[in-house]
Amino acid sequence: MDVGPEEIFGNADVPAWRNRALLVFDRVPIPAAVCRTDGTVLLANPAMGAEWRTTPGRLRGRDVLELFHPRSVAQVQRIVEAIRHGHRSRYPILVHWPGPDGRERYGELTADTVSDTPEAPLWLLVLLRVLGTHDTPDEPPRPRTEQVTAMERAILALAAGGATTAQIARAVGLTTDGVSYHLSQLSRRWGVANRTALVARAYVLGVLDTGVWPPTAESPPTERHRTGDGRP
């Protein structure tokens with residue numbers, strides 16, 4: 001069942017500007033959504049629902065980064081840090097996602113941090129600009145291990161060795177929120193529920209070297225080919 005804006009924001013004490021904005025929200029041709037700062041979709045317009053061949057109400061509760069995959073983790077990390085410090089600004093993210101016709105689409109997701117007053121909690125107003133569609137893959141699918149970044153490999157190796165989130169953050173030069181973001185993204189990508197399963201999956205996929213302790217990240221095939229001995 002679709003959920004209207006009044007069920008999310010309530011009818012009482014809603015500023016007039018928000019009421020007017022919500023009246024035209026459904027008519028905006030650009031895919032748009034209102035999200036919590038953790039990316040949870042609260043409200044989507046029909047154009048956003050059309051990108052997923054569904055009604056706007058069915059997108060409520062979904063994670064916007066599960067729907068649209070960022071091409072750069074650094075762009076997402078910038079937003080995480082901005083929200084953490086209460087900054088109000090606009091942040092673009094290059095994303096890709098499966099389009100309504102089944103072909104991969106790519107575009108720019110713009111996240112605006114907004115609120116009623118400087119003291120009020122922040123929300124995210126998310127707008128999607130579709131830039132194009134890939135008719136055919138640009139290159140053959142890569143092995144799964146090549147899709148893991150160097151930072152993700154380092155975090156997985158430390159997690160496999162029993163390091164805490166704080167210890168991992170100090171070792172790789174990220175915040176604890178940054179480490180948690182990487183781990184949660186890997187968990188979603190591999191369909192696992194906790195850190196233990198995530199580490200086990202990393203070994204199964206060959207991301208971590210099974211013959212070494214403390215754990216180390218296995219090199220992607222292209223790097224092994226360059227060194228010639230199977231090691232970084």
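The following legends describe close-up views of a predicted model of a single protein chain.

**Figure 1. Overall composition and confidence of the predicted chain.** In this predicted model, local features require pLDDT of at least 70 and side-chain atom pairs count only at pLDDT 80 or more, whereas totals for chains, interfaces and linings use all residues. Residues are numbered from 1 along each chain as its sequence is written, and side-chain values use heavy atoms, with hydrogens and water left out. The chain comprises ten helices and six strands; these are DSSP runs numbered from the N terminus, with helices being H or I of at least four residues and strands E of at least two. Of the 232 residues, 41% are buried, where buried denotes under 20% relative accessible area, exposed over 50%, and partly exposed the range in between (1.4 Å probe, protein chains only). Contacts are defined by heavy atoms within 4.5 Å. Among contacts between residues at least 6 apart in sequence, 49% join residues at least 24 apart. The mean pLDDT (the predictor's confidence in each residue, from 0 to 100) is 76, and 75% of residues reach 70 or more.

**Figure 2. Segments of low confidence.** Confidence is lowest in helix 10 (residues 221–227), with a mean of 38, and highest in helix 7, with 92. The pLDDT is below 50 over residues 137–146, a stretch that has 14 contacts in the model beyond near neighbours in sequence. Over residues 220–232 the pLDDT likewise stays under 50, and the model has 16 contacts for this segment beyond four places in sequence. Where pLDDT is low, the predicted coordinates should not be read in detail.

**Figure 3. Crossing of helix 7 and helix 8.** The axes of helix 7 (residues 165–172) and helix 8 (residues 176–190) come within 8 Å and cross at roughly 100°. Helix 7 is therefore roughly perpendicular to helix 8. Axes are lines fitted to C-alpha atoms, for helices over the stretch in contact, and angles run from 0 to 180 degrees between N-to-C directions. Angles under 35 degrees count as roughly parallel, over 145 as roughly antiparallel, 65 to 115 as roughly perpendicular and the rest as oblique. On the helix 7 side, Thr165, Ala166, Ile168, Ala169 and Val172 take part, meeting Thr176, Val179 and Ser180 of helix 8. By class, this contact has five nonpolar, three polar and no charged residues (Ala, Val, Leu, Ile, Met, Phe, Trp, Tyr, Cys and Pro are nonpolar; Asp, Glu, Lys and Arg are charged; the others, Gly among them, are polar).

**Figure 4. Buried residues of helix 6 and the glycine that follows the helix.** In helix 6 (residues 150–160), the buried residues are Glu152, Arg153, Ile155, Leu156, Ala157, Ala159 and Ala160. These residues pack against helix 7, helix 8 and helix 9 (195–204). Gly162 follows helix 6 and has a positive phi, near 95°.

**Figure 5. The aromatic cluster of Trp52, Phe68 and Trp97.** Rings of Phe, Tyr and Trp (its six-membered ring) pair if their centres lie within 6.5 Å; planes under 30 degrees apart count as stacked, over 60 as edge-to-face and the rest as tilted. The count by this rule is two aromatic pairs. Trp52 and Phe68 form an edge-to-face pair, 5.9 Å centre to centre with 75° between the planes. Trp52 lies in the loop between helix 3 (46–50) and helix 4 (64–67), and Phe68 in the loop between helix 4 and strand 3 (69–70), 16 residues apart. Phe68 also pairs edge-to-face with Trp97, at 5.1 Å centre to centre and 75° between the planes. Trp97 belongs to strand 4 (residues 90–98), so this pair ties together parts that are 29 residues apart in sequence. Phe68 counts as buried because its relative accessibility is 0%, and Trp97 is buried as well.

**Figure 6. Surroundings of Gly107 in strand 5.** Gly107 lies in strand 5 (residues 104–114) and counts as buried, with a relative accessibility of 3%. Residues up to four places away in sequence aside, Gly107 touches Ile93, Leu94, Val95, Trp97, Arg129, Val130 and Leu131. Gly107 and Leu94 are 5.9 Å apart, C-alpha to C-alpha, and 13 residues apart in sequence.

**Figure 7. Two exposed loop residues, Arg53 and Asp38.** Arg53 is found in the loop between helix 3 and helix 4. The phi of Arg53 is near 55°, a positive value in a residue other than glycine, and Arg53 counts as exposed at 55% relative accessibility. Asp38 is placed in the loop between strand 1 (32–35) and strand 2 (41–44) and is exposed, with a relative accessible area of 53%.
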